[in-house]
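Open the model in your viewer and keep the selection box handy. The tour makes a few short stops.

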Amino acid sequence: MRMLSVLLCVGVVFFMSRCAQTTNDRLVLVKGGAFKHSKSVYFEKCAPLADFYIGKYEVSQKEWEDVMGTNPSDFKADSLPVENVSWYDCVLYCNVLSNSEGLLPYYVIDSLTVDSNNTNVLDSVKWVVSVVPDANGYRLPTEVEWEYAASGGQLSESFTYSGSNNLDEVAWYWRNSGDKFLTGEWLWNSLVSNHCRTHFVGNKKPNELGIYDLSGNVREWCWDWHRTEDVENLGRIWTGGGWIGADFCCELSFRGDHQANGKGPDQGFRICRNE
């Protein structure tokens, strides 16, 4: 009888530890410090970062639907990354997810006031979004945090892409995201006829920190504005390339921008949290 009780206790503890492991498996703790990636634009030019958590995977469609109740994606499957989401959609998702888990939301969203600092003529939304810096809720990574995590943090081996110098090992991009490997020049019709598309999160090799798809699959929104001399093109930064993107878009140092209300079948994100 005593042995049975012991076995039951062990079973309960094992079950609880497995549940905790599954819950925590969504995020990776990134230890802060100075940039180790020698090819980064921030190498020896950026103050050391604090520790933070970042999503091990891009946000999946199941995760999005569980929180938001809808699925905006073009390519449908639970384990595919959610896409066709704007920057505004993503900050709202972060707040709703935070509230559902009893965390203090990181963002304060004023959807009734027009942001006078947003001069992008293509952005018809222009919410005013501010932050609560000490909040423990979910958020988008900053551009610097994203590159630091993608480059491997303190374990960086200075790869060209996140986790490898061989893009096909770590990324779904225009050449390998369809039925066959494409060669020659990038042509949209070639991508369509080859059925190029997103792929299940986590099916390529991870980077040095055990984080997947930081190069390729979907482009990932960051918090930051993309500052340019042409203020009419002011948008939010995206990083990492995507299944449509060319090789160079998947490089760690590549930055793109899009109006914050912009969407597309290759536009997704991953979550982040303060440590």
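Start with W186. This is a predicted model, and in it W186 sits in the loop between α5 (167–170) and α6 (188–193). Is W186 buried, exposed or partly exposed? Its relative accessible area is 37%, so W186 is partly exposed. The cut-offs that matter here are under 20% for buried and over 50% for exposed.

Keep W186 selected and add W188 and V192. Together, W186, W188 and V192 make a nonpolar surface patch. The patch covers about 300 Å². Show the surface and colour these residues to see it.

Next, select strand β3, residues 107–110. V108 lies in this strand. V108 is partly exposed as well: its relative accessible area is 44%. Now add V128, which is 20 residues from V108 along the chain. How far apart are the C-alpha atoms of V108 and V128? Draw the distance: the two atoms are separated by 8.2 Å.

Last stop: the inside. Rolling a probe the size of a water molecule over the atoms shows where empty space is left. How many cavities of 30 Å³ or more are there? The count comes to one. The volume of the largest cavity is about 30 Å³.

To find the largest cavity, select its lining in two steps. Take W87, Y88, D115, N118 and D123, which are among the lining residues. Then add W127, W225, R236 and A260, which also line the cavity. Colour the lining by class. You should get five nonpolar residues, one polar and three charged.

Note on methods. Residues are numbered from 1 along each chain as its sequence is written. This is a predicted model: local features need pLDDT of at least 70, side-chain atom pairs count only at pLDDT 80 or more; totals for chains, interfaces and linings use all residues. Side-chain values use heavy atoms; hydrogens and water are left out. On a 1 Å grid over the protein atoms alone, a cavity is a set of points where a 1.4 Å probe fits but cannot get out, and a pocket is an open set with protein on both sides within 12 Å along at least five of seven lines; lining residues have an atom within 4 Å of a point. Grid points are joined across faces, edges and corners, and a volume is the space filled by probe spheres set on the points. Ala, Val, Leu, Ile, Met, Phe, Trp, Tyr, Cys and Pro count as nonpolar, Asp, Glu, Lys and Arg as charged, and the others, Gly among them, as polar. Patches are made of residues with over 30% relative accessible area and no salt bridge: like charges are joined within 9 Å, nonpolar side chains (Val, Leu, Ile, Met, Phe, Trp, Tyr) within 5 Å. Accessible areas come from the Shrake-Rupley method with a 1.4 Å probe; for residues, only the protein chains shown count as cover. A salt bridge is a side-chain nitrogen of Lys or Arg within 4 Å of a carboxyl oxygen of Asp or Glu. Helices (H or I, at least four residues) and strands (E, at least two) are DSSP runs, numbered from the N terminus. Buried means under 20% relative accessible area, exposed over 50%, partly exposed in between (1.4 Å probe, protein chains only).
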